[in-house]
Amino acid sequence: VPARAFLAARYLPLRPSRRARPRLRDRRGHMTSATRFALAAACASRAALAAQKFQLHQLADSLAIVGADGAEDLVSEGLRDDDDSDPVWGCGLVGHLPGVSPTGEASPETQRLIDGIKKSSSFNKAWYWNWNLAPSGESEREQHLTKDFLFMPEQWGVAPVKEALLRPAGEAHFPDSNGVPSPASMADIFLGYNEPDIRGSCMGDLFGECVQPCDKEAIEKNDCPAARLHPVKGGYPNSANKKGQCDCWKFSQATGAGFWPVEGCSVAQPLPTLFEDGTCVDVVMAHWRDTARVAMSKGYKYLTTPLVATSIDYARQFLTKACATCQDISCGCPVYVAFHFYAYDCQPEKLKGYATFKKRLNATAKIMEEFPFVKGAIINEVGMLNCGDPSSPVCVPDSGQYPASEQDDGGCPATDELPKGIPSFLDRLFDHVIAAKTSDGRPVVKAFAWFNENGAGGTYDLRLFDEDGQVSNIGEAYMKSCARWGHAQRQRRHKQ
């Protein structure tokens, strides 16, 4: 603390006269006794503050260990990072969250999970995203959030975001997509478009079979069957045409932006091979800069790369193009690498799921070292796929050694690889999350979101709650792992 500022704040009137102001040095250039006293007091104050923060950290950890209700809330202010320019968003969710009313009141069991996962966040909040610009949902699965959530918006496709639809960053009680005020707050980070690095599939009854939209010839020949996200009971069997094409627009949706054409690009599905076509790159980057301009005007500070499904190098190439002229949102430069991760068939060891996860973390660390302005990884979809071939671009459900349909709970059975089923998988993933660092010691992972769904996109039952609204064994494991990650962050800060 500078001596002049310390004296002015603690020992002087609000507006001292020039004559009343103390001299910091005497005429020979030596510190005056008042200056030495102020410096000593400032150092003592700083040491006391550090000691208090250390005690708060110890208290938080002790309370968390014994499971005291509200432990994190009691000390949250003392646990926050001094530097808010490099936050840790911590644990989040994607998928249906039961037990929250339209006005944001959570059931005791839902609140228990929220309190458990928010311990990993610099903001002492959980975070949520949904492939959209605001919480939404169908009437039976509306996405109600509490005040303990930050919502991260995403522009799913490559078209520029519509300014009227983007809620301002930091805004609380913003309208969700149904016009209902949400007690959550908008985060100041904007997510890039979804899975452009793979073609993906149309979802619903043609999932895994329909891998591209119908071309002009198929439409003219009336050979363009419509996929249905929610198949009609008693309806006729459906299938894609011989080219693997369907109408994925009327009644369904694709897994990612890589499924769709882009106006101005020459091939039907240009995004997976984007960086092989300079003209298409120019089109896509122009759209992205328009989105960044709108986001910046709404108060957003940070952008992520596209949310890649498999290729960290795709994110690196995108970042290289976007950050050619600056290193922040003003030119569309992402400062987070965003990716998804799924293991396969309840065999993350044998099918190299853990090795793949670690490889992506290491690749992100290398990007952070090459581009020091990159703050880390946003891993916003994590789960286990109910299929057996990691090399296949599309997951065909129940095609592996452990089909979900043959498991009592629709999840992973207890095996040598996963003694507790999916909770064992979560434990190992967080070992890697906590350990991942750059060569200069910076943590790599800044956000992690579990895919809280049952069977969506070919997954096992990954829900954090059971049918009765109680926290499931997966939910308990997620809470434990998030608390462990938060504890590791506090330990790191203690050592700094």
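**Exercise 1. Which residues is Asn 452 in contact with, leaving aside its neighbours within four places in sequence?**

Solution, step by step:

- Start with the list: setting aside neighbours within four places in sequence, Asn 452 contacts Val 94, Gly 95, His 96, Leu 97, Leu 462, Arg 463 and Leu 464. Keep in mind that you're working on a predicted model here.
- Next, place the residue: Asn 452 sits in strand β13.
- Then check its cover. Buried means under 20% relative accessible area, and Asn 452 comes in at 3%, so it counts as buried.

**Exercise 2. With which strands does β1 pair, and in what sense?**

Solution, step by step:

- Take β13 (residues 445-452) to begin with: its pairing with β1 is parallel and runs over six bridges. As a landmark, look for Val 94, which has Phe 451 of β13 opposite.
- Now take β2 (residues 126-128): this pairing with β1 is parallel too, over two bridges. Here the landmark is Gly 92, standing opposite Trp 127 in β2.
- Finish with the cover on β1 itself (residues 90-95): six of its six residues are buried, making the strand mostly covered.

**Exercise 3. Which helix joins β1 and β2 in a β-α-β unit, and where is Ile 114 found?**

Solution, step by step:

- The helix is α4 (residues 108-117), and the unit it makes with β1 and β2 is right-handed.
- Ile 114 is found in that helix, α4.
- Buried or exposed? Ile 114 has a relative accessible area of 0%, so it's buried.
- Now for its company: leaving out neighbours within four places in sequence, Ile 114 touches Thr 146, Asp 148 and Phe 149.
- Pick Thr 146 for a distance check: it lies 32 residues from Ile 114 along the chain, and their C-alpha atoms are 9.3 Å apart.

**Exercise 4. In what order do the eight strands of the open sheet run?**

Solution, step by step:

- Read across the sheet and you get β4-β5-β3-β2-β1-β13-β12-β11, with mixed pairing.
- The edges are β4 (172-175) and β11 (336-344), each of which pairs on one side only.
- From one strand to the next, the twist averages 40°.
- Zoom in on the β11 end: β11 and β12 (residues 376-385) pair in the parallel sense over nine bridges. One pair to find there is Tyr 336 with its bridge partner Gly 376 in β12.
- Then add a helix: α10 (residues 473-495) packs on the sheet and touches β1 and β13, its direction making about 175° with that of β13.

**Exercise 5. At what angle do the axes of α6 and α7 cross, and which residues make the contact?**

Solution, step by step:

- The axes of α6 (residues 278-297) and α7 (residues 312-322) cross at roughly 70° and come within 11 Å.
- Angles of 65 to 115 degrees count as roughly perpendicular, which means α6 is roughly perpendicular to α7.
- On the α6 side, Val 281, Met 285 and Trp 288 make the contact; on the α7 side, Phe 318, Lys 321 and Ala 322 do.

**Exercise 6. What do the totals for the chain look like?**

Solution, step by step:

- Count the elements: ten helices and 13 strands.
- For burial, 50% of the 496 residues are buried.
- For the surface, the accessible area is about 23900 Å², with 52% belonging to carbon and sulfur atoms.
- For contacts between residues at least 6 apart in sequence, 70% join residues at least 24 apart.

Technical notes. Residues are numbered from 1 along each chain as its sequence is written. This is a predicted model: local features need pLDDT of at least 70, side-chain atom pairs count only at pLDDT 80 or more; totals for chains, interfaces and linings use all residues. Side-chain values use heavy atoms; hydrogens and water are left out. Buried means under 20% relative accessible area, exposed over 50%, partly exposed in between (1.4 Å probe, protein chains only). Helices (H or I, at least four residues) and strands (E, at least two) are DSSP runs, numbered from the N terminus. Two strands pair if DSSP finds at least two bridges between them. A crossover is right-handed if, with the strands pointing away from the viewer, the path from the first strand over the helix to the second runs clockwise. Contact means heavy atoms within 4.5 Å. Accessible areas come from the Shrake-Rupley method with a 1.4 Å probe; for residues, only the protein chains shown count as cover. Axes are lines fitted to C-alpha atoms, for helices over the stretch in contact, and angles run from 0 to 180 degrees between N-to-C directions. Angles under 35 degrees count as roughly parallel, over 145 as roughly antiparallel, 65 to 115 as roughly perpendicular and the rest as oblique.
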